[in-house]
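Colleague: Before we discuss the terms used for this model, please show me the sequence and the structure.

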Amino acid sequence: MLNPEVYILAIESSCDDTAAAVLCNDKVLSNVVANQLVHTQYGGVVPELASRAHQQNIVPVIDAALKKANISKEQLSAIAFTQGPGLMGSLLVGSSFAKSMALALNIPLIAVNHMQAHILAHFIDEEGYDKPEFPFIALTISGGHTQIVRVDNYFDMTIIGETTDDAVGEAFDKTAKILGLPYPGGPLVDKNAQLGNPKAFKFTKPKVPGLDFSFSGLKTAILYFIQKNKAENPNFIDENINDICASIQYTIIEILMDKLKMAVKETGIKQIAIGGGVSANSGIRNTLKEAEAKYGWKTFVPKFEYTTDNAAMIGIVGYQKFLSQNFENASVVSKARIQF
Ligand code: KG4
Ligand code: ZN
């Protein structure tokens, strides 16, 4: 019989956040994230530096997660780690550590798909948060991905739409860079947008067939718009930063909402769950909540700390895989690209 109390140590190191969490069944006991500030000066993630920073952070982060959870490593039932997708040098730090620790403790090793984890983060048991019921539609929006996923069960997921070029997080970050905002610009665009008029400037939405997305055209349109206006008024950005950010954010939200409406129409599923770093965006969160009354949808917006990269979401997938004894041996490999 399974031990009723399953303790999972989860490790996430797919990009530029070193994270560790401890879960007891589907409850989070600790969730520690070390952000890597080193990339800010380069305006984007530098893979080699990310890998090196993971090596420095991983021991203190795991130690902090165990201490916060008040758990000794001997009490752990299994170790879950991010197998991919992500930066290879970053993934390898987490996977090597997870393998060695599982081997030393003689406990199971569980490989987790980062994108599935963003979706299954909705199943973390949190007071005041409802869990979606199967089937539901997940909109996964991060710095690396933009996907609409039909979720029929924990591990029965089908991508029904995705970006053909930039991810929505990149759209936020790259336009923020055009505006002279530091990396990662998404949260700053959000902050300024809250003080601006979303209809001050109009940007054309891309025409992409079906449920797919494209954001590179929008980025170029914004670049030309800024260049043109700066030529007429060198202080254009400073004088209009809030309205520019609000208008860009409004356009991005419209693009996402158009496709979500289409996905609901095509599938007949009215439960929508969002995940990934960009789901921290206040405009997206508000628009989705409004859609409940407007379209009769039931929407699920994760707790703030489970939106951007974190290890608690890796842990909840680890817990589900533990229940079905879905374990790996030490020969499991990291994958920069990985499908469901
Ligand atoms: O999921 P995540 O932490 O990492 C990836 O797996 O990519 O997502 C990071 C992305 C970045 O592009 C960041 O700018 C964006 O999420 N982001 C936001 C906000 N908070 C984070 N974008 C818009 N508004 C926000 N509030
Ligand atoms: Zn992510």
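Modeller: An oxygen atom of ligand 1 is 2.9 Å from a polar backbone atom of D309. The protein covers 89% of the 560 Å² of accessible area that ligand 1 has on its own, with areas from the Shrake-Rupley method and a 1.4 Å probe, where for residues only the protein chains shown count as cover. This is a predicted model, in which local features need pLDDT of at least 70, side-chain atom pairs count only at pLDDT 80 or more, and totals for chains, interfaces and linings use all residues. Side-chain values use heavy atoms, without hydrogens and water, residues are numbered from 1 along each chain as its sequence is written, and chains are lettered from A and ligands numbered from 1 in the order in which they are written.

Colleague: Why is D309 called buried?

Modeller: The relative accessible area of D309 is 16%, so D309 is buried (buried means under 20%, exposed over 50%, partly exposed in between, with a 1.4 Å probe and protein chains only). H118 has 0%, so H118 is buried.

Colleague: What makes H114, H118 and D309 donors of the zinc ion (ligand 2)?

Modeller: Donors are N, O and S atoms within 2.8 Å of the metal (3.2 Å for Na, K and Ca); water is not among the atoms, so sites may look incomplete. H114 (NE2), H118 (NE2) and D309 (OD) coordinate the zinc ion at 2.0 to 2.2 Å. Along the chain, these donors follow the spacing H-x3-H-x190-D.

Colleague: How do you know that ligand 1 lies between domain 1 and domain 2?

Modeller: Domain 1 (7-121 + 307-323) and domain 2 (132-301) both give residues to the shell around ligand 1, so ligand 1 lies between them; the bounds come from an automatic or database domain assignment.

Definitions and conventions: A polar contact is a pair of N or O atoms within 3.5 Å; within protein, one must be able to donate a hydrogen and the other to accept it, and residues adjacent in sequence count only if both atoms are side-chain atoms.
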